Amino acid sequence: MRVVIAEDSTILREGLVELLTMRGHEVVAAAKDAEQLRAAVAAHRPDVSIVDIRMPPTHTDEGLRAAITLRAQSPGLAILLFSQYVETRYAAELLADRAGGVGYLLKDRVAEVSDFLDAMRRVAEGETVLDPEVVRQLFASTRQSDALAGLTGREREVLGLMAEGRSNTAIASGLFLSAGSVEKYVTSIFGKLGLPPSDGDNRRVLAVLRYLDS
Amino acid sequence: MKADARLRDLLRLVLATPLRRRFRAELAWVLVGVPSHLLVLLPLLLATAIGIGLTPIFLGFLLLGATVFWARALGGMYRGLARRLLGVRIVAPARRELRPGLWNWVRARAGDPSGWRVMAYVLVGLPLVLAELVVAGMLLLYGLSLLTYPVTWFMFDDRGAPVFDIYSRNWLLTPAFALLGLVVLLATPWILHALLGLDRLLAVGLLGPSTLSERVRDLEQSRATAVEDATVKLRRIERDLHDGAQARLVAVAMKLGAAKEEFEAERLDVELLHGLVNSAHDNAKQALVELRDLARGIHPPALDAGLGVALSTLASTSAGDVRLRVDLPRRPPPSIETIVYFSAAELVTNAAKYGGPGPIGVEVTVTGRALRLAVSDSGEGGASLSPGGGLAGLADRVRTVDGRLEVDSPAGGPTVISVEIPLPT
């Protein structure tokens, strides 16, 4: 895959370049700030960009804002945000355009190299991948919300795994269920959240968004 | 023997006092005081009177505000004079907080008690300093006339000096007059010094921040500084952690993760594994260094063993040639030790950066009820407490423990920056 990296820490930037190259990916550009990221994306049209949220000059959310503008210009542009902290507000803003192809992972996840690369691939393919920690905090912050009140404990678990971007098969093996019962839970969740079957929207993403909206 | 020594000391004290700097400075105070009070008092009174007269129209308030503001600035001048000539250090009253708007300006300025108190100071100070001038002049004249009387006796036809009714028919008595003159001259500095005690009281009472409300405002400001300082410090620590050790550890985990998966491959690429583990090892060591530096920045472990130990550690790791002298009869409280340590660290860093190649002097002593830190260098001088500068920030932080920072840095050097912090009794 052709990858753009935006990361202001030299150690991590070089480490990521090395890692991705080692695993057969091509890092077409390594940006140090949001400005360089925008230029690199415009110049190289990468399959996916890995973007640090905190970058110069203010070290707050430059990476996130750059990602939002970039995706506003070209919807669906695959971006995997990469951060040392979880902030659910970030996730909400990122997912607000509902176009898929986004991810939000803690930097710690890079320790499980294959999982990390797998997440990057899924984002490049248009899926939504959220860090389990992000999802856990979303659950915590939406515990009292009405929209999710109707869900059973099991359904919440399944929705949580969906939010992490897992497929039904992966959820089934994770929860030791059959693929068929996962399918039933998912349908039930869609029903309770009022998401009718449709062709265009990715209902799984919409279901996750219900957390963020509620 | 002992009595001899004591007598000698007393004699030296009595004889040397007229020649000492203190007497000259106090004489200068009296001489400068009269014209400076006069020059200032007239325009002040005039402007105040016109200002009050014009209060029916807004201009009066404006003039009044400007006058009080000016008086306040004059307070700074008098404080400087008092410090240099009387040897009393008076803390400037707290700045008024200004809200935008002309009317707010006028209200804050015209209602500034420290400005009005400077006016009162000038008003009361003028007759006082005038009286002191007269007394000092008379004493000196009287003493000199008496002292020279044995010589001048021959010059006067009627044998009487033209001042103070000094008269002796017989020359043989004149040495007694001269002796009396000597006594008067020797006593003059002491009399003047005692008189100037009134000036000191007046200056301390009216030029410093004495009212309770100002003290409260001062405390509020320094508390705000303390809180802000803590916030800034915490943010810096978070940044340092985020950019340093945390990033290093992510890199370590990444390299080790890659190595772990490499072990599961069919054929081991030893060279690749070696590179990954090496690089993870380097990053882990670097993270340790960064964590240690960070921990030291939060609280230097050497400080637990006392300021002296901590400062000698600081001196040995500093870029410059630091000459350290610590003379503390007992350990100050930890909060003061900490602030003195970090002040010294910042000042030594500054001195090493701007102070030229010469040695940097660091002195910690106790003077009276205050701890004094002085950092000196032999650089080009010209350091100042400009608002927003590093020294001003340090001064603000020192103020949180009621301390103050003074800069003595004439062009061409040398620079001495001193921090004085009151010790709890």
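α8(B) gives the lining of the second largest pocket its largest share, 11 residues. This is a predicted model, and that pocket holds about 900 Å³ of space. Of its 29 lining residues, the ones closest to the centre are Asp229(B), Lys233(B), Arg236(B), Phe342(B) and Arg397(B). Besides α8, the elements that put two or more residues into this lining are α9 (270-298), α11 (334-354) and α12, again from chain B.

Now for the largest pocket, with about 1,700 Å³ of space. Its lining takes in 44 residues, and if you head for the centre, the closest ones are Ile90(B), Val91(B), Ala92(B), Arg404(B) and Leu405(B). Which element supplies the largest share of this lining? That's α3(B), with seven residues.

Quite a few other pieces of chain B chip in with at least two residues each. On the helix side, there are α5 (113-147), α8 (212-263) and α12 (390-399), along with α3 (58-86) itself. The strands on the list are β3 (370-377), β4 (404-408) and β5 (415-422). So α8 and α12 of chain B turn up in the lining of the largest pocket and in that of the second largest pocket.

Here's how the two linings break down by residue class:

| Pocket | Nonpolar | Polar | Charged |
|---|---|---|---|
| Largest pocket | 19 residues | 10 residues | 15 residues |
| Second largest pocket | 11 residues | nine residues | nine residues |

How values were computed:
Residues numbered from 1 in each chain as written. Chains lettered and ligands numbered in written order. Predicted model: local features only at pLDDT ≥ 70, side-chain atom pairs only at ≥ 80, totals over all residues. Heavy atoms only, no water. 1 Å grid on protein atoms, 1.4 Å probe; cavity = no way out; pocket = protein on both sides within 12 Å on 5 of 7 lines; lining within 4 Å. Points joined across faces, edges and corners; volume = space filled by probe spheres on them. Helix = DSSP H or I, 4+ residues; strand = E, 2+ residues; numbered from the N terminus. Nonpolar A, V, L, I, M, F, W, Y, C, P; charged D, E, K, R; others polar.
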